Amino acid sequence: YRANKLYILIRVMLREMFVMIVDSGYDKDVIQETMNCLENEVLTKTPNGVRYHIADIYLEEMGNTTNGKVNSTKFIAFIQPFLIMMSSKQDAIYQDRIMKRVFLEFLSEFACDKEKSAKNSNKALKKVSSKVIQAIIFELASSSSVMPDHSRKRLYMIHKEYQKATGVNHITVSEALGSATAPEPKAVKPIKAIVESPASTPVAV
């Protein structure tokens, strides 16, 4: 019972986080500061219960709070903390959870590209291009920066699923953004900055 109350509180807090961002007019500084806080104060902390639950409900709360009005660039900014977790020395089980509940669940439940319609149109993130995510994932996986083998392996696994969904074997970030909503360049950390995030330090299981 107490655990259920905690999970409800986490959902409310996550929802209010997105409400704050929406109320700011999607101000890029507010987004960046909020994502930094989520990364450093929650997603890198153990035990795993809280951060697992956030991964489980993240896309749902994003879609509900923003009414699906998030473009590709803002979406990438919102999932930056999870990109950092996937490219760092986080434990493989945690990365598997993120891979399933954030990146793959986006494809199966939330994506609404020309190539694919969301299963539930009410929660579709209609302005987010799967090709943009695919390009970001590949650029991160193929970067020359130091990264644990298990992290790089999972990024390539995610990329393979996006290839299947979009029908595109390879696309660059600039090409993908060119066919998506006009980007806001400073809204997304460079790939180098993602892989060199402080979250690359080991976290105990």
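**Figure 1. Contact between helix 5 and helix 6 in the predicted model.** In this contact, Phe103, Phe106 and Leu107 of helix 5 meet Ser130, Ile133 and Ile137 of helix 6; contact means heavy atoms within 4.5 Å. By class, the residues of this contact are five nonpolar, one polar and no charged, where Ala, Val, Leu, Ile, Met, Phe, Trp, Tyr, Cys and Pro count as nonpolar, Asp, Glu, Lys and Arg as charged, and the others, Gly among them, as polar. The axes of helix 5 and helix 6 come within 11 Å and cross at roughly 155°, which makes helix 5 roughly antiparallel to helix 6. Axes are lines fitted to C-alpha atoms, for helices over the stretch in contact, and angles run from 0 to 180 degrees between N-to-C directions. Angles under 35 degrees count as roughly parallel, over 145 as roughly antiparallel, 65 to 115 as roughly perpendicular and the rest as oblique. The crossing of helix 5 past helix 6 is left-handed, a term used if the near helix is turned anticlockwise from the far one by less than a right angle, with right-handed used if clockwise. Residues are numbered from 1 along each chain as its sequence is written, and side-chain values use heavy atoms, with hydrogens and water left out. Because this is a predicted model, local features need pLDDT of at least 70 and side-chain atom pairs count only at pLDDT 80 or more, whereas totals for chains, interfaces and linings use all residues.

**Figure 2. Contact between helix 6 and helix 7.** Helix 6 covers residues 130-141 and helix 7 covers residues 149-166; their axes come within 9 Å and cross at roughly 150°. Helix 6 and helix 7 are therefore roughly antiparallel to each other, and helix 6 passes helix 7 in a left-handed crossing. Helix 6 contributes Ser130, Lys131, Ile133, Gln134, Ile137, Phe138, Leu140 and Ala141 to the contact, and helix 7 contributes Arg152, Leu155, Tyr156, Ile158, His159, Tyr162, Gln163 and Thr166. Nine nonpolar, five polar and two charged residues make up this contact.

**Figure 3. The largest nonpolar core.** This core holds 55 residues, of which Tyr58, Phe75, Phe78, Phe103 and Phe106 touch the most other members. A nonpolar core is a set of buried Ala, Val, Leu, Ile, Met, Phe, Trp, Tyr and Cys residues joined through side-chain atoms within 4.5 Å. Two or more residues each come from helix 1 (2-23), helix 2 (28-43), helix 3 (49-66), helix 4 (72-86), helix 5 (92-110), helix 6, helix 7 and helix 8 (173-178). Helix 4 gives the largest share, 10 residues. The chain as a whole has nine helices and zero strands; helices (H or I, at least four residues) and strands (E, at least two) are DSSP runs, numbered from the N terminus. Of the 205 residues in the chain, 49% are buried, where buried means under 20% relative accessible area, exposed over 50% and partly exposed in between (1.4 Å probe, protein chains only).

**Figure 4. Surroundings of Phe78 and Phe82.** Leaving aside neighbours within four places in sequence, Phe78 is in contact with Phe18, Ile21, Tyr26, Ile31, Met35, Tyr58, Met62 and Val70. Phe82 lies in helix 4 and counts as buried because its relative accessibility is 0%. With neighbours within four places again left aside, Phe82 is in contact with Leu43, Ile54, Ala55, Tyr58, Ile98, Val102 and Phe103. The C-alpha atoms of Phe82 and Val102, 20 residues apart along the chain, are separated by 8.1 Å.

**Figure 5. Surroundings of Asp56 in helix 3.** Asp56 has 14% relative accessibility and so counts as buried. Its contacts, leaving aside neighbours within four places in sequence, are with Arg97, Arg101 and Glu105.

**Figure 6. Backbone geometry in three loops.** Most residues other than glycine have a negative phi, and most peptide bonds are trans. In the loop between helix 1 and helix 2, Tyr26 has a positive phi near 60°; at 16% relative accessibility, Tyr26 counts as buried. The loop between helix 2 and helix 3 contains Pro47, and the peptide bond from Thr46 to Pro47 is cis, with omega near 5°. Asn67, in the loop between helix 3 and helix 4, has a positive phi of about 55° and counts as exposed at 59% relative accessibility.
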